[in-house]
Amino acid sequence: MPVKICPRCGKSSADVAFIAAFCKDCYLQRQPLYTLPDVELDRCVKCGRIRLQGLWLYEQHLPEYLKGKIKSNHVIKSITTKMHVDPDSKLAHADVEIKVVAEGQAVTLNDRLDFRLIKTQCPDCGLMAGGYHEAVIQLRGNPEKIERLLPKLVRRLEARTFISKIVEHKEGPDIQVGKKRAALETLSQMKVEFSTSNKLVGEHQNKQVFRTTACVRLE
Ligand SMILES: [Zn+2]
Ligand SMILES: [Zn+2]
C-alpha cells in the first residue's frame, strides 16, 4: 500500500492509522463517526439493575440499548461497555468501545459516556422488602439431600425471581419465592418432583389471592 500523508497535519500512514485520505485523528475532528445519546438511567440500589426501555436489566444489556440510541451515518458493528458507579454520586460513567465501519474500514474507538443515575428501588426489590411471596417451596425428607439441593435451587430461583426469606423448620426449610410461575418452572426444569397445594391468603383489589405451596419430598 502506498504511504499516505495527511493533508491536515502532515502525518504519514507509516506512523498512524488513517481513515480514507486523512489520519484517524484529523478525520474524526472533521467528522465524528457517531454521537452518543444523552442518558439518564434508573438504577435499583438493592440489586443494581438498571431500567432500559421499561425493563429492569443487568448492565450487560447496556450495549444493546446504546446501539439503539446512538446516532451515526455509519455501520456500528459492536459496542461494549463497562459501567462505573459511585454509590455516593448521582453521576456515573461507562467506558465504551465502539467498532464502526467508516469508508469501508473497521475503526475501533474508545469513548466515555457520562450519565445521570436516579437511585430507586425496582418493583421486585420493593416486593421482596415487603416480604411478598406467591409461592413457598418446602424441602422435606433426607437432610443430606436437602442440604445438597438447597444452594442449587436458590441459585436458579434467584436468576429468575427473588427469594423473600428462607425459614428453617425442624422438618426442613421453607423457601418463600416471589413469583409462583418461576418457582414451579424451576423445580420442573431441575426434574425435582413435587406436590402442590393452594391456600387463600387474602384479597387484593377485589380479587382473591392464593399462595401456592410446592412440597418436595427427598427420600
Ligand atoms: Zn492528520
Ligand atoms: Zn432491584
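This is a short group-meeting talk on the predicted model of one protein chain.

Okay, housekeeping. It's a predicted model, where local features need pLDDT of at least 70 and side-chain atom pairs count only at pLDDT 80 or more, while totals for chains, interfaces and linings use all residues. Residues are numbered from 1 along each chain as its sequence is written, and chains are lettered from A and ligands numbered from 1 in the order in which they are written.

Let's start with the overall layout. The chain splits into domain 1 (18–121) and domain 2 (131–218), with the bounds coming from an automatic or database domain assignment. Their C-alpha centres sit 40 Å apart. For secondary structure, we've got 5 helices and 13 strands; those are DSSP runs numbered from the N terminus, helices being H or I with at least four residues and strands E with at least two. The radius of gyration is 26 Å, well over the 17 Å that the globule rule gives for 219 residues, so the chain is more spread out than a compact globule. That radius is taken over C-alpha atoms, and the rule is 2.2 Å times the number of residues to the power 0.38. Along the principal axes, the C-alpha trace spans about 80 × 40 × 30 Å.

How much of the chain is buried? Buried residues are 19% of the 219. Buried here is 20 or more other C-beta atoms within 10 Å of the residue's own, exposed is 12 or fewer, and partly exposed is in between, with C-beta atoms placed from the backbone.

Now, helix H5, residues 180–189. Ala-183, Thr-186 and Leu-187 are buried there. Looking down the axis, the buried residues fall within an arc of 95°, so they line one face of the helix; the arc uses directions from the helix axis to the C-beta atoms. Ser-188 and Gln-189 are exposed, on the face turned away from the buried side. Just after H5 comes Lys-191, with a positive phi near 55°.

Over to strand S8, residues 105–120. The number buried is 1 of its 16 residues, so S8 lies largely in the open. S8 pairs antiparallel with S7 (residues 91–102) over 12 bridges, where pairing needs at least two DSSP bridges between the strands. One of the partnerships is Lys-99 with Thr-108. The two strands make a hairpin with 2 residues between them, and Glu-103 in the turn has a positive phi of about 50°. S3 (residues 40–44) runs parallel to S8, joined by 5 bridges, and Glu-40 has Arg-116 as its bridge partner.
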